[in-house]
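Reader: Hi! I have a two-chain structure open and would love some company while I look through it. Could you walk me through it?

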Amino acid sequence: MKILVCIKQVADTESNLKLNGSTSWIVEDNKIAYRMNRYDEYALEEALLIKDVLPDTTVDVISVGPDRAASTVKKSLEKGADNGIHIKCDKPALSAFDTASLIAEYASDKQYDIIFAGVMSEDLMQSQVGPMTAAFLSIPSAVNVVKSELIKNSTALSVNSELEGGIIENVEITLPCLITIQTGINLPRYPSLSNVMRARSLEVITLNSEDLKITGGYDEILSVEYPPVSSKGKVINGSSEEKAEKLLDIFHEKALI
Amino acid sequence: MKDKTYNIIAVLDTIEDKLIPQSLELIAFAGSYTSGNLSQMLLVIPGKSVIKLCESISEKYGIDTAALENEELYYPDPEFLSHALSAIIDDHKPELVIFTHAVRNCQSTSILSVSLKASSVTAVESFKRENDDYVFQRSMFNGKLKENVRLNTAVKIATVLPGAYTLTDNNTHFNSDASVMLLKSPDNKKKYKPVSLSSETDGSVKLEDADVIVSAGRGIGKEENLQLIRETASIFANAAIGASRPICDQRWLPFNQQVGITGKTVSPKLYMACGISGSQQHIAGMKNSQCIAAINKDPNAAIFSIADYIIIEDIISFLPVLVRKYRERYGE
C-alpha cells in the first residue's frame, strides 16, 4: 500500500494574530507559534494505523509552504512517516486551487493507493485542498470522515462521512482515492524514541513550487481584517470575586438559581 | 433546456428526498445578490424522486426549479452530484453557483471548480460590491480574522454559511409562472457508493431538555478539570454538561454531548461557554440560546462576539470562585 498524507503548518489560532501593514495577511514573526494543522495530525495517524497493520506500506507526507513548513514535515517523520516532501512556496495564503494543483502535480506519477488530508486547515478553513487534489488526479474523494476501514481485499475503503446534525453516511469508495479526515477519528500518537532517531537521518525532499506546473490564480485575497467588535455583549469587570458575584446576580435575576 | 439561461444556480440539499429547510436561505442570499431580481435564478433539487417537492418550492417562491433525479441521489453523493451539475453549469454559464456551506458541498464545489476551471470560495458570510466586482467575506483562524476574496473567473462557485442570510416573506412569489423541469441525470462510473445513513442518538444525555448547559472547551486543559464543569453545573436546578468538539475528540466526553453543526443544536435558557474559543461550527450549534455567558482568558476569543455576558478569566481559576461564592450565598 502506498499512502500520501497532505499536511499543513499553521499558525496556532491561540497566538496573538496581528494584521500586517498592508492588511494582506498576518504579521509572521516569532510571537507566532507554528504547528501541524490539527486535522492533519489525525490524517497522518490514520495512515500510520494502516502501516501498523500492513507493514508493507509506505507513508509519504507532503506539505506546501515556506521554509518553516519543513519542521512540520520533519515532525511527521518522527511520528513514523517514511518520506517527507516539502514543496517550497513563499506566497502566504496560497489558494486551495493552487495548493491542490501543486500536490496533484507531485502525486500524478507516484501511484498512491490512498491520499489522506485533513478536513480543512485551521487558518484558511476552506475544506477544498483535499477534494480539489482528488479532482486534479481524477480519483474519487470522501470528506469529513470519522471512520475508515479497508475492505474487499484492500481494493476499497468503507468510510463513515459525517453530515450535519450527527447523521453518519456510510460510503464505499474504490482505491485509489482521497479521504479527508475529521478530528476525533483516532488518537494521534506521539513520536517514539526510535522514530525520532530514525528521522534524524532522513532528509526532507525539497521541491520548488516554481518548478511544478501551477494552473490557478483564479481567486485572490484582497485584504484581511478584524471582525467587527461585538456590541451585544456586556463585559463583566472587576476582580474574580466581583465577577463571580455579578454573574450570580444575573443568574438569580433570570431565575436560574 | 436551453430556451432560458440562468445567471444564478442554487443547489438545495436533500437527504432521502427530504429538503434540508436551511438550504432555502440560498434564496435570501441570491435575493440580496441580485437586488431582488430572481427571474434568472434556477433552484436545483437533487434526489431520487423530487419533482413534487420542486413543484411546491417553485409555487411558493416563484422561482424556476429543476428536479435533478437519479437513484444515486437519494443519499448525499457529492461525487455524483458534481458530475451531473457540471453539464448544467456548462450549459447555462451562470455568473454564480451557490450551495449551503457543509463539508460535502465544499467537495462538490471543489470538483466543479477543477472540472470547469471556475473560481470558488467556501463559507461565505457576506459580500459587497466594489466597482463591477463582488467581494466575498468569510472567516479565517477560527473566526479571529475575516478575509475579503475576489473570484476572477466568469463562472463563480460559492458555499454560503448557514444562518448568514435569513429567508423572509419578501423572498416569496417572485414570479407567478415559474417553471418546473425534470432533469434525469445520466449514470456515471461508480467509484463512490453511498451505502446507508445512521444517526448517533443516545437517550442518556438530554442536552435538548436542559434549562442550562455548561459547556467545556479546550480551555479546561486536562480531563480532570471536567470536575470544575460538573461542580458549576450543580449550582443550577436542571443543567446538563456540553462540550466543544476538541473535548469529545480527546474522548473526555462522549460525542453525544458535543454542541455544534456536527453535534447537537441547542437553545437553552442559559448557555455557559467555559474555555470555548468559539469555532464557527460550535457557534452554529448554540447561538440561539436565550442567554450566553462566555468565560475565556483570551479577550479576542470568537465566542465573545455572540455572548451576552463576557468574562475574561481563566476558567481553571474562575469556576472554583464562582462555585464558592454560590455556596457562601446560598449556604450549601
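Author: Happy to! Let me start with a term: two residues are in contact if their C-beta atoms, placed from the backbone, lie within 7 Å. With that in hand, among contacts in chain A between residues at least 6 apart in sequence, 69% join residues at least 24 apart. Do keep in mind that this is a predicted model.

Reader: Good to know. How many helices and strands are there in chain A?

Author: Chain A has 6 helices and 13 strands. Its C-alpha atoms fill a box of roughly 65 × 45 × 40 Å along the principal axes. Of the 257 residues in chain A, 47% are buried.

Reader: What is the strand order in the open sheet that contains strand 10 of chain A?

Author: The order is 11(A)-5(A)-4(A)-1(A)-6(A)-10(A)-7(A)-8(A)-9(A)-12(B), which makes 10 strands with mixed pairing. Strand 11 (205-208) of chain A and strand 12 of chain B stand at the edges with a single partner strand each, so one side of each has no neighbour in the sheet. On average, neighbouring strands here are turned by 30° against each other, direction ignored.

Reader: Let's zoom in on strand 10 of chain A. How many of its residues are buried?

Author: For strand 10 (residues 177-181) of chain A, 5 of its 5 residues are buried. A:Cys177, A:Ile179 and A:Ile181 point one way, while A:Leu178 and A:Thr180 point the other way.

Reader: And which strands run parallel to strand 10 of chain A?

Author: Strand 6 (residues 114-118) of chain A is joined to strand 10 of chain A by 5 parallel bridges, and there A:Gly118 has A:Ile181 as its bridge partner. Strand 7 (residues 141-151) of chain A also runs parallel to strand 10 of chain A, with 3 bridges. In that pairing, A:Ser141 stands opposite A:Leu178.

Reader: How does strand 7 of chain A pair with strand 8 of chain A, parallel or antiparallel?

Author: Antiparallel, over 6 bridges. One pair to click on is A:Glu149, which stands opposite A:Ser158 in strand 8 of chain A.

Reader: Which strands does helix 1 of chain A lie across?

Author: Helix 1 (residues 38-53) of chain A lies across strand 1 (2-6), strand 4 (58-65), strand 6, strand 7 and strand 10 of chain A, at about 150° to strand 6 of chain A. Helix 4 (residues 129-137) of chain A lies across strand 1, strand 6, strand 7 and strand 10 of chain A, and runs at about 70° to strand 7 of chain A.

Reader: Back to that strand from chain B. How many bridges pair strand 9 of chain A with strand 12 of chain B?

Author: There are 7 bridges, in the antiparallel sense, with strand 9 of chain A covering residues 167-174. A:Ile168 stands opposite B:Ser198 there.

Reader: Which strand of chain A is in the sheet with the chain B strands?

Author: That is strand 12 of chain A, in an open, mixed sheet of 10 strands ordered 12(A)-9(B)-8(B)-7(B)-10(B)-6(B)-1(B)-4(B)-5(B)-11(B). Strand 12 (219-225) of chain A and strand 11 of chain B are its edge strands, each pairing on one side only. Within it, strand 8 and strand 9 of chain B pair antiparallel over 6 bridges, with B:Lys146 as the partner of B:Ser139.

Reader: Nice. How many residues from each chain go into the contact?

Author: Chain B gives 76 residues and chain A gives 63 residues. On the chain B side, helix 4 of chain B brings the largest share, 10 residues. That side of chain B divides into 36 nonpolar, 21 polar and 19 charged residues.

Reader: Switching topic: which residues of helix 2 of chain B are buried?

Author: In helix 2 (residues 51-61) of chain B they are B:Cys54, B:Ile57, B:Ser58 and B:Tyr61. Viewed down the axis of helix 2 of chain B, the buried residues fall within an arc of 100°, so they line one face of the helix. B:Lys52 and B:Ser56 are exposed on the other side.

Reader: What covers those buried residues of helix 2 of chain B?

Author: The cover includes helix 1 (25-33), strand 4 (41-47), strand 5 (64-69) and strand 11 (180-184) of chain B. Just after helix 2 of chain B, have a look at B:Gly62, which takes a positive phi of about 65°.

Technical notes
Residues numbered from 1 in each chain as written. Chains lettered and ligands numbered in written order. Predicted model: local features only at pLDDT ≥ 70, side-chain atom pairs only at ≥ 80, totals over all residues. Helix = DSSP H or I, 4+ residues; strand = E, 2+ residues; numbered from the N terminus. Nonpolar A, V, L, I, M, F, W, Y, C, P; charged D, E, K, R; others polar. Pairing = 2+ DSSP bridges. Buried ≥ 20, exposed ≤ 12 C-beta atoms within 10 Å, placed from the backbone. Arc of directions from axis to C-beta. Axes fitted to C-alpha atoms, helices over the stretch in contact; angles between N-to-C directions.
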